[in-house]
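Reader: I am new to this structure and would like a close look at a single part of it. Please start with one residue and work outwards from there.

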Amino acid sequence: MAHASYQSFGRIRSVSRRALSPDEGLRRLESSAGEGFLLPFGKGLSYGDSCHNDSGHLIDMAEADRILSFDLQTGLLEAEAGVDLQTIIMHCRPHGWFLPVTPGTRFVTLGGAIANDVHGKNHHRRGTFGAHVRSLNLVRSDCGEQRLDREGDPALFSATIGGMGLTGIILSAEIQLMRVPSLDVIQNVRPFGSIADYLTLAEEADAQNEYSVAWIDQLASGSRRGRGVLLSANHADDGESPALFVRRRQMLSVPVQPPLNVLNRPFLKLFNAAYRFSQIRKAGREVKTGWQSYFYPLDGVAHWNRLYGPRGLYQHQSVIPYSAAADALPALLAAAEEGGVGSFLTVLKRFGTAGSAGLMGFARPGYTLTLDFPNQGERTLRLLDRLDSITVDAGGAVNPYKDARMSPETFAAGFPQWPQLEVMRDPAILSDFWRRTALVCKANA
Ligand SMILES: Cc1cc2nc3c(=O)[nH]c(=O)nc-3n(C[C@H](O)[C@H](O)[C@H](O)COP(=O)(O)OP(=O)(O)OC[C@H]3O[C@@H](n4cnc5c(N)ncnc54)[C@H](O)[C@@H]3O)c2cc1C
């Protein structure tokens, strides 16, 4: 049994955690040695406690990392759940295949991508990651191992996609990759002056582009509030630039934990001005951009989350229905400005109408706003509560796998289907997130 921090990305609660190997985890699961004592763990790239079970054991799935089969003609790939996305990319890229959906880091595992039904910059075209899962092998304490697909057991398959690891351990999965002429993209930059301007641009950008996402200058206030740049792209049709594929251990790194939050307001003001300037210079031109820097801009510096200081960071990701976006998005930005805590990365994206591929997924028709805040204790928690209430009042939801503190009521408002997942939950599996949200709702019902 390994003892390590097994932190999540937000690093809010830093304790030593126990993790079992996949073999040992399966033995314990099959012997049903207790209620809620296990949880599969990928690479801990969720931000809060949905990947923790601090009164039980984690199962370190990253050890199960083999690619099992790959059909060059059809792009169908089967792999163990601990394989990370960068391994899949390296395997399929030489043959003209790419992930149909990728989150903003290539280090997540296949199991983690399915369990959170992650989304990418092309949700409007391809939906979520789970939409491309053909089948998976799941093992549960109450009925052993089974092969699931949409036809055979649609209810358990759907609950497992976006089920946050609670329906059993995914051992392996078969996914359909996407044919691309090049992994690199041709990018277009369009500056906008306000959220209202963004809303008029976003739908058209989605119609014309495979990928689209906006960066917001969160520290711009008054009449400049909501200004930003819309970055849209399609795959290039002529090969890739010879950029080196950088493995994690070869990257730039923040080697030690600074004693303070380095990403403070003065730094952010400078950073935002420089970033905005660098992007606006490209506006109106089509610029070929390497796939690493377009899809994974943050992966270039290992452990960059340490820059938030020893108290860690909170991420707040909300999704707001289309009809409420014109009012709620400016209200969220105004609340963040009044809260006085600068967000390092503020990203806005329009989800398409496909929603999520699973029972519980976060993605749904609407606009999703992501804000990152250093943990400054009570002050930050008050701000996050305010953001929650704007989101819930607008009929939206807060992302559970980015969360470390939302109330049971906020969770239930965004995910009224939680009782269905609770019925499907493997009794031997539990997470700290589920314990403090759904199980509290259940106890109060
Ligand atoms: C820089 C950065 C950018 C990001 N960008 C995006 C983005 O654009 N879109 C997006 O949707 N997300 C994004 N994320 C979040 C990240 O993609 C998800 O949290 C992802 O699920 C993490 O995968 P992981 O392998 O680290 O799993 P973990 O975080 O370790 O676990 C995630 C969940 O999966 C479960 N799980 C893991 N393995 C298995 C298994 N084998 N069987 C069953 N359950 C399992 C765990 O129990 C847990 O509930 C980003 C995160 C970072 C740090």
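Author: Asn 53 is buried, because its relative accessible area is 2% (buried means under 20%, exposed over 50% and partly exposed in between, with a 1.4 Å probe and protein chains only). The model is a predicted one, in which local features need pLDDT of at least 70 and side-chain atom pairs count only at pLDDT 80 or more, while totals for chains, interfaces and linings use all residues. Residues are numbered from 1 along each chain as its sequence is written, and side-chain values use heavy atoms, with hydrogens and water left out.

Asn 53 sits in the loop between strand 3 and strand 4 (57-60); helices (H or I, at least four residues) and strands (E, at least two) are DSSP runs numbered from the N terminus. The side chain of Asn 53 has two partners to look at. One is the side chain of Arg 435, with which Asn 53 makes a polar contact at 3.0 Å. The other is the backbone oxygen of Gly 36, which the Asn 53 side chain reaches at 3.2 Å. A polar contact is a pair of N or O atoms within 3.5 Å; within protein, one must be able to donate a hydrogen and the other to accept it, and residues adjacent in sequence count only if both atoms are side-chain atoms.

The residues on either side of Asn 53 in the sequence, His 52 and Asp 54, are among those that line the second largest pocket. That pocket has a volume of about 160 Å³. Its lining also includes Ser 8, Arg 13, Tyr 47, Ala 404 and Asp 432. By class, the lining divides into three nonpolar, three polar and six charged residues. Here Ala, Val, Leu, Ile, Met, Phe, Trp, Tyr, Cys and Pro count as nonpolar, Asp, Glu, Lys and Arg as charged, and the others, Gly among them, as polar.

Arg 11 is another residue of this lining. Arg 11 belongs to the loop between strand 1 (2-4) and strand 2 (17-20). Its phi is positive, about 55°, although Arg 11 is not a glycine. With a relative accessibility of 16%, Arg 11 counts as buried.

The loop of Asn 53 begins after strand 3, and this leads to the ligand. Strand 3 (38-41), helix 3 (110-115) and strand 10 (169-176) each give at least two residues to the shell around the ligand. There are 33 residues around the ligand, of which Pro 40, Gly 42, Ser 46, Thr 109 and Tyr 401 come nearest; a residue is near if one of its heavy atoms lies within 4 Å. Sorted by class, the shell holds 18 nonpolar, 13 polar and two charged residues.

Three contacts to oxygen atoms of the ligand can be named. Pro 40 places a backbone N or O atom 2.6 Å from one ligand oxygen. Asn 116 has a polar side-chain atom 2.9 Å from a ligand oxygen. For Met 164, a polar backbone atom lies 2.9 Å from an oxygen of the ligand. The ligand exposes 970 Å² when taken alone, and the protein buries 96% of that (Shrake-Rupley method, 1.4 Å probe).

Met 164 lies in the loop between helix 5 (154-160) and strand 10. Like Arg 11, Met 164 is not a glycine, yet its phi is positive at about 55°. Met 164 is buried because its relative accessible area is 7%. Thr 167 is found in the loop between helix 5 and strand 10 as well, and it is buried at 2%. Its C-alpha atom is 8.7 Å from that of Val 139, which is 28 residues away along the chain.

Asn 116 and Met 164 also help to line the largest cavity, together with residues including Ala 115, Phe 362, Tyr 401 and Phe 415. The largest cavity has a volume of about 50 Å³. Seven nonpolar and three polar residues make up its lining, with no charged ones. On a 1 Å grid over the protein atoms alone, a cavity is a set of points where a 1.4 Å probe fits but cannot get out, and a pocket is an open set with protein on both sides within 12 Å along at least five of seven lines; lining residues have an atom within 4 Å of a point. Points are joined across faces, edges and corners, and a volume is the space filled by probe spheres set on them.

Asp 117 follows Asn 116 and lies in the loop between helix 3 and helix 4 (123-126). Asp 117 is buried, with a relative accessible area of 2%. The C-alpha atoms of Asp 117 and Phe 362 are 7.8 Å apart, although 245 residues separate the two along the chain.
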